[in-house]
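Got the viewer open? Keep the selection panel handy, and let's walk through this one stop at a time.

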Amino acid sequence: MVATTGWEWLENSAVPTAIRQWSWGYPLLEVIHILGLAVLFGSVAMFDLRLLGVSRHLLVTDLARHLLPWTYFSFAIVALSGGLLFSTDATQIAANPAFQLKLGLIAAAGVNATLFHRGIYRSVQLWNRAVPVPVSARITAVLSLLLWAAVITCGRLIAYL
């Protein structure tokens, strides 16, 4: 078959073809993707919950220092496994509205996190412990939880739309 689009070319390249041909390829990638999502959402949720008042005895900076490496590592795993899953049926998935929304939500979550870390987090020493977390940080935490829950939901909906 001659590929007429970039998505078709991707689908017919060696790696996606090998994934489709190996009976354990796609299921194994799905498991890796889901486990990565669990760690990603878990680390993000723990930090966001701290901003919302849970475990106030923990320093925000200590929690960030502990959780951010997990967040970055798991995001890399999720992005890689998700990209490989996408490549196996790129033409169909790229046209899927749940997938398109999922990408937009991931971008929004990234913008939300960037604004937090480049903005309000710079003053963290003023509200690290025993001081109420600023409203803007709490709003960022709520948005983060909602955005990542929506990303996961859209990921599940891809199979049904």
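Helices here are DSSP runs of H or I with at least four residues, strands are runs of E with at least two, and both are numbered from the N terminus. This is a predicted model, where local features need pLDDT of at least 70 and side-chain atom pairs count only at pLDDT 80 or more, while totals for chains, interfaces and linings use all residues. Residues are numbered from 1 along each chain as its sequence is written, and side-chain values use heavy atoms, with hydrogens and water left out.

**The whole chain**

Start zoomed out. You should find 7 helices and 0 strands, so to speak an α-α-α-α-α-α-α run along the sequence. The C-alpha atoms fill a box of roughly 65 × 25 × 25 Å along the principal axes. Of the 161 residues, 35% count as buried (under 20% relative accessible area; exposed is over 50%, partly exposed in between, with a 1.4 Å probe and protein chains only). Among contacts (heavy atoms within 4.5 Å) with a separation of 6 or more, 75% join residues 24 or more positions apart. About 9,700 Å² is exposed, and carbon and sulfur atoms supply 72% of it; the areas come from the Shrake-Rupley method with a 1.4 Å probe, and for residues only the protein chains shown count as cover.

**Select α7, 135-157**

The 23 residues of α7 should span 33 Å at 1.5 Å a residue, and the end C-alpha atoms are indeed 33 Å apart; the expected span is 1.5 Å times one less than the number of residues. Color the buried ones: A137, T140, A141, S144, L145, L147, W148, V151 and C154. Their cover includes α3, α4 and α6 (97-118).

Now click S144, in this same helix α7. At 8% relative accessibility, S144 is buried, and beyond its neighbours within four places in sequence it touches V44, D48 and N112.

Next, I139, also in α7. I139 is partly exposed at 47% relative accessibility. Draw a C-alpha to C-alpha distance from I139 to L52: 8.8 Å in space, 87 residues apart in sequence.

**Hop to D48**

Which side chain of opposite charge is nearest to buried D48? It's R50, 11 Å away, and D48 has no salt bridge (a side-chain nitrogen of Lys or Arg within 4 Å of a carboxyl oxygen of Asp or Glu; Lys and Arg count as positive, Asp and Glu as negative, and His and the chain ends are not counted). D48 sits in helix α3. Leaving out residues up to four places away in sequence, D48 touches A141, S144 and L145.

**Turn to the surface**

Show M46, L49, L52, V54, V142 and L146: they make a nonpolar surface patch with about 500 Å² of accessible area together. Helices α3 (25-51) and α7 (135-157) each give two or more residues to the patch. Patch residues have over 30% relative accessible area and no salt bridge; nonpolar side chains (Val, Leu, Ile, Met, Phe, Trp, Tyr) are joined within 5 Å, like charges within 9 Å. M46 belongs to α3 and is partly exposed, at 48%.

**Last stop: D62 and R65**

How many salt bridges are there by this rule? The count is 1. D62 pairs with R65, their closest N and O atoms 2.7 Å apart. The two are 3 residues apart in helix α4 (residues 60-87), about one helical turn. D62 is partly exposed at 38%, and R65 is exposed at 58%.
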